[in-house]
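This report describes a single protein chain, going from its overall make-up to its strand pairing and then to selected side chains. Please keep the sequence and the structure in view while reading.

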Amino acid sequence: MAINLELPKKYQQFLNLAHDFAGSYLRPIARKYDLAEHDYPVEMDVIGAAYDAMSETSDMGESVNSQAKEETEESKAARGNKNGANLNSVLAMAESCWGCPGLTLTIPGQGLGNSAIAAVANDEQYKRFGNKWAAMAITEPGCGSDSAAVKTTAILDGDEYVINGEKIFATAASRASHIVVWATVDKSLGRAAIKSFVVPRDTPGVNLIRVEHKLGIKASDTCALIFDNARVPKENLLGSPEVNVEKGFAGVMQTFDNTRPVVASMSIGVARGALEDLLEILTEAGVEISYDKPPHVQHAAAAEYLRLESEYESAYLLTLKAAWMADNKIPNSREASMAKAKAGRMGSDVTLKAIELAGLYGYSQRALLEKYGRDTKIFDIYEGTQQIQQLIVARRTLGLTSAQLK
């Protein structure tokens, strides 16, 4: 298979709608909820309904869940290359975050837990939970980037799992109706026993401890939770309940192969907003940017802009490739981490340099540039830090296990 770097024409109408939606609905209230941290954006209820309607009429093909089914080599060859839900997700997310990443993370039904459900749920589970708003709870006080060190337990008791443990940095967990919780079903079996469970937020024993004050994405709540004998039906375990020691952590990590390109696209969307604003500022200042002359013979600010733009393009293309591979059932763990690492680093580089080149205007709240700088930092942290992504890329490239390369 060969990837075509031109976007499919069928996407253009939808992306135009998504761009107009972000510009008309998200950007106008972005500063309002950046300043009013922890206030629920009441506009989100209407925006969520509009977002669902837009997605339903976009004709973007199958859901991620329907694409996750096994295919024979013959069926792959028969249908050829496929641009599906993963590519659609990263493109739509970039447009939405061009509007505001914090508000994007609090659109009802668009939680990170929804990506986990789409990645590993069976058909019956997808029917029950696919249209719910699901947060995701992975990180624990003693377990940050090493997701395999999860200590929260889920013990089977009859027809229910009993969940106990503490989670931190759960995005939108105070607002979502459900939470996807990572927990171990048997500590003695190591990382292979870590499973994900869909837990309704109103389940007895699910306790919200605090909502964090943050540097960026302030419109989105980030929460700490304690699970105290929270009971859920055993059917709420996503995927297979069997513990396959040989397969190890791979089943649960499939979620990250889907969500890391999405997080990369969030950084890409914000960076594009910063580049557009910076270009306008430089143009007004009389700085000419030419694509026909080498950077070293241009104004220093123009040369820097060209460098930032090239960094943006490389992150963008890496992200499209990772999503395209997922749509075409090509293992993309390395590429997903490459996209996440590159885009996370690029986002901070582009936004902070844009603030610097814009001077006082960039540092003040008269523009959104300083907000872009604060918002992008999280994309280099959550879903696995920059360092963890580089470690995964090295393991996949060298063919080494996590035990062989730490």
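## Strand pairing around β3

Two strands are taken to pair if DSSP finds at least two bridges between them. The model is a predicted one, and in it strand β2, residues 153-157, runs antiparallel to strand β3, residues 160-171, with 5 bridges joining the two. Within this pairing L156 has Y161 of β3 as its bridge partner. The hairpin of β2 and β3 has 2 residues between the strands, and G158 in this hairpin adopts a positive phi near 70°.

Strand β3 also pairs with strand β7, residues 222-233, again in the antiparallel sense, and this pairing extends over 9 bridges. One position in it is that of E160, which stands opposite P233 in β7.

## The chain as a whole

The chain contains 14 helices and 7 strands. Of its 406 residues, 54% are buried, while the surface that the chain exposes comes to about 18100 Å², with carbon and sulfur atoms supplying 53% of that area. Among the contacts in the chain with a separation of 6 or more, 74% are between residues 24 or more positions apart.

## Strand β4 and its neighbours

Where does β4 stand with respect to the rest of the structure? In this strand 7 of the 7 residues are buried, so β4 is largely enclosed by the rest of the structure. In a regular strand the side chains alternate between the two faces of the sheet. Both faces of β4 are covered, since H178, V180, W182 and T184 on one side are buried, as are I179, V181 and A183 on the other.

Strand β1, residues 134-137, runs parallel to β4 and is joined to it by 4 bridges, with A137 standing opposite V181 in β4. The pairing of β4 with strand β5, residues 194-200, is antiparallel and comprises 7 bridges; here T184 stands opposite I194 in β5.

## The surroundings of S174

S174 is located in the loop between β3 and β4, the latter spanning 178-184. Is this residue buried or exposed? With a relative accessible area of 16%, S174 falls under the 20% cut-off and is therefore counted as buried.

Leaving aside residues up to four places away in sequence, S174 touches R201, L208, V211, D221 and C223. With D221 the side chain of S174 also makes a polar contact, side chain to side chain, at 3.2 Å. S174 and L225 are 51 residues apart in sequence, yet their C-alpha atoms are 9.2 Å apart in space.

## Aromatic rings and charges

A pair of aromatic rings is described by the distance of the centres and the angle of the planes. The chain has 5 aromatic pairs by the rule used here. The rings of F379 and Y382 have centres 6.1 Å apart and planes at 55°, so this pair is classed as tilted. Both F379 and Y382 are buried.

Two arginines are placed over aromatic rings in this model. R27 lies over the face of W98, at a distance of 3.9 Å from the ring centre, and the charged end of R260 sits over the ring of F256, 4.3 Å from its centre.

Methods
Residues numbered from 1 in each chain as written. Predicted model: local features only at pLDDT ≥ 70, side-chain atom pairs only at ≥ 80, totals over all residues. Heavy atoms only, no water. Buried < 20%, exposed > 50% of the residue type's maximum accessible area, 1.4 Å probe, protein only. Contact = heavy atoms within 4.5 Å. Areas by Shrake-Rupley, 256 points an atom, 1.4 Å probe, with all protein chains shown as cover. Phe/Tyr/Trp six-rings, centres within 6.5 Å; stacked < 30°, edge-to-face > 60°. Lys NZ or Arg CZ within 6 Å of the ring centre and 35° of its normal. Polar contact = N/O pair within 3.5 Å; in protein donor to acceptor, adjacent residues only side chain to side chain.
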